[in-house]
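Morning, everyone. Please have the structure open on your screens, and let's walk through it together.

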Amino acid sequence: MSSFSFLLFCLSHKKWFIIPFLVGAICFAIAWFLPPVYETEMRIQIQKPSDYSLSNISSAVGVKGGSTKGMNSSLANMLFSASGSVSSKDLYIEILSGRDVMLEAIQEFRLDTLYKKKPKELLLKKFKKDLYVGEESNGIISCSFETKNRVMAVELLRFMVETANARYLQLQKENLHYSISYLVKNRQDLIDSVKKISNELSKFYQKNNLVDLESQMKLTVSALAAYESQMNNYEMTEQSEGQNSSAVEMEKRKKILEKKFKELRGNFSKSYTPSKKSIYINSDWAVAKKVYLDKRQSELEMYMTLLESVSAEVMMAEAEMIKNQPVVQIVQDAYIPDWKTKPKRGLWAVAGFGVSFVVVLVYLLLMGLYSGQVPNSFDLKDRLHQIKTALFK
């Protein structure tokens with residue numbers, strides 16, 4: 001088929017191209033007389049609620065510094081870490097555009113008479129086409145609704161936002177209450193841990209007849225130093241005076257000192273326990289016990305630091321709950337629009353003209369091929385006759 005031949009055929013039947021202009025004018029007129037559709041919008045900002053999660057606790061615990069900082073943060077993560085939850089804005093959008101709020105709005109404003117549908121699913125489908133809820137690039141939540149009734153659109157948006165606000169604040173309150181309960185429970189766990197370690201340390205001192213292990217170790221070291229000094233003096237005196245009655249006496253004293261020295265410095269039996277009659281203790285035994293004691297005291301300090309931080313978090317959470325500050329702000333209230341958004345008369349006219357123009361072109365092409373005025377490589381009339389025969393035989 002030659003394009004030039006088809007162009008000549010169209011020019012010879014140019015009266016057909018009046019139809020697209022007529023259809024475009026008719027569509028423009030229809031759009032002119034159709035009832036206008038208006039759109040109103042509300043813009044909402046969500047304040048981020050106080051987050052009583054581990055991030056605050058860990059930072060508070062880390063202030064102490066020192067070698068226990070990493071241990072505190074690690075233990076805090078173990079005690080208080082929780083899985084991530086949906087963001088505040090996503091939660092609010094989910095509530096506002098959710099099934100429950102939409103059904104309440106449909107029932108409150110009798111939208112079943114507007115959409116002329118009875119099943120809830122069909123009503124929701126129709127309603128969703130006219131409702132938009134989403135987050136803008138600047139973080140503001142936009143909620144808009146299109147309808148023919150401008151006043152109803154404003155009232156409906158306000159109703160939905162108020163309903164969503166109440167549910168959102170209730171959820172935040174429940175979440176805050178859960179956070180407080182969670183913190184209180186862990187505070188009690190920390191108190192129990194502190195009591196347990198304190199009792200263990202108390203029993204450790206009672207069982208081993210200790211007053212203050214570190215102080216007693218210092219006294220023992222001082223005693224050992226004095227014993228060693230005296231033994232050295234006796235040894236030097238023996239070498240200078242030789243064997244006499246005084247040297248024999250010093251030898252006896254030296255042996256007594258050596259015995260005392262071994263009691264405080266030498267090996268100790270498994271059943272060894274310091275005597276209540278003396279504050280001196282075996283230094284080797286004390287070193288082994290000090291490792292255990294330092295470990296338990298370090299754990300006690302760690303739990304005490306965590307307990308202090310969690311107690312502060314509980315107080316902050318309870319204060320926030322008492323204040324009950326609003327977290328939803330209406331940046332822009334719904335308004336009665338004074339200009340329609342639908343129907344677009346120009347768009348209707350262009351769409352009617354475009355569709356009818358294509359239809360006319362297709363019709364002229366088929367007519368030209370069927371009549372033979374537009375040359376083609378096959379016999380269209382014969383082909384159509386074959387198709388008709390195959391269908392109706």
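Of the 393 residues in this chain, 35% count as buried. Keep in mind that this is a predicted model. The chain holds 14 helices and 4 strands. Now take the contacts in the chain with a separation of 6 or more. Residues 24 or more positions apart account for 77% of those.

Next, the interior. Which residues touch the most other members of the largest nonpolar core? They are Tyr-92, Leu-96, Leu-111, Phe-127, Leu-131, Phe-145 and Met-160, out of 34 residues in that core. Several elements feed in. β1 (38-46), α5 (88-96), α6, α7 (111-115), α8 (120-130), β2 (131-135), β3 (141-147) and α9 each supply at least two residues. Which of them gives the most? That is α9, with 10 residues.

Apart from this core lies another one, of 20 residues. Phe-204, Trp-285, Tyr-303 and Val-310 are among them.

Back to Leu-96. Leave out residues up to four places away in sequence, and Leu-96 touches Val-101, Val-133, Cys-143, Met-160, Val-161 and Ala-164.

Now two helix pairs. Start with helix α6, residues 99-108, and helix α9, residues 150-207. Their axes come within 10 Å and cross at roughly 140°. Angles over 145 degrees would count as roughly antiparallel, and 65 to 115 as roughly perpendicular. The angle here fits neither range, so α6 and α9 are oblique to each other. Their crossing is right-handed.

Who makes the contact? On α6, look for Asp-100, Val-101, Met-102, Glu-104, Ala-105 and Glu-108. On α9, look for Phe-159, Met-160, Thr-163 and Arg-167. Sorted by class, that contact has 5 nonpolar, 1 polar and 4 charged residues.

The second pair is α6 with α8. These axes come within 11 Å and cross at roughly 95°. That makes α6 and α8 roughly perpendicular to each other. From α6, the contact uses Arg-99, Met-102, Leu-103, Ala-105 and Ile-106. From α8, it uses Lys-120, Glu-121, Leu-123, Leu-124, Phe-127 and Lys-128. This contact divides into 7 nonpolar, no polar and 4 charged residues.

Let's finish with three single residues. First up is Asn-165, in helix α9. Is Asn-165 buried or exposed? The cut-off for buried is under 20% relative accessible area. Asn-165 has 14% relative accessibility, so Asn-165 counts as buried. Setting aside residues up to four places away in sequence, Asn-165 touches Tyr-92 and Val-328. You met Tyr-92 earlier, in the list from the largest nonpolar core.

Next is Val-287, in helix α12, residues 283-323. Its relative accessibility is 46%, so Val-287 counts as partly exposed. Now find Leu-213. Val-287 and Leu-213 are 74 residues apart in sequence. In space, C-alpha to C-alpha, they are 9.5 Å apart.

Last is Trp-339. Where is Trp-339 found? Look in the loop between β4 (328-332) and α13 (345-371). Trp-339 has a relative accessible area of 64%. Exposed means over 50%, so Trp-339 is exposed. Now pick out Val-37 as well. Trp-339 and Val-37 are 302 residues apart along the chain. Their C-alpha atoms are separated by 8.8 Å.

That's my tour. Over to you.

Note on methods: Residues numbered from 1 in each chain as written. Predicted model: local features only at pLDDT ≥ 70, side-chain atom pairs only at ≥ 80, totals over all residues. Heavy atoms only, no water. Axes fitted to C-alpha atoms, helices over the stretch in contact; angles between N-to-C directions. Parallel < 35°, antiparallel > 145°, perpendicular 65-115°, else oblique. Left-handed = near helix turned anticlockwise from the far one by under 90°. Contact = heavy atoms within 4.5 Å. Nonpolar A, V, L, I, M, F, W, Y, C, P; charged D, E, K, R; others polar. Core = buried A, V, L, I, M, F, W, Y, C linked by side-chain atoms within 4.5 Å. Buried < 20%, exposed > 50% of the residue type's maximum accessible area, 1.4 Å probe, protein only.
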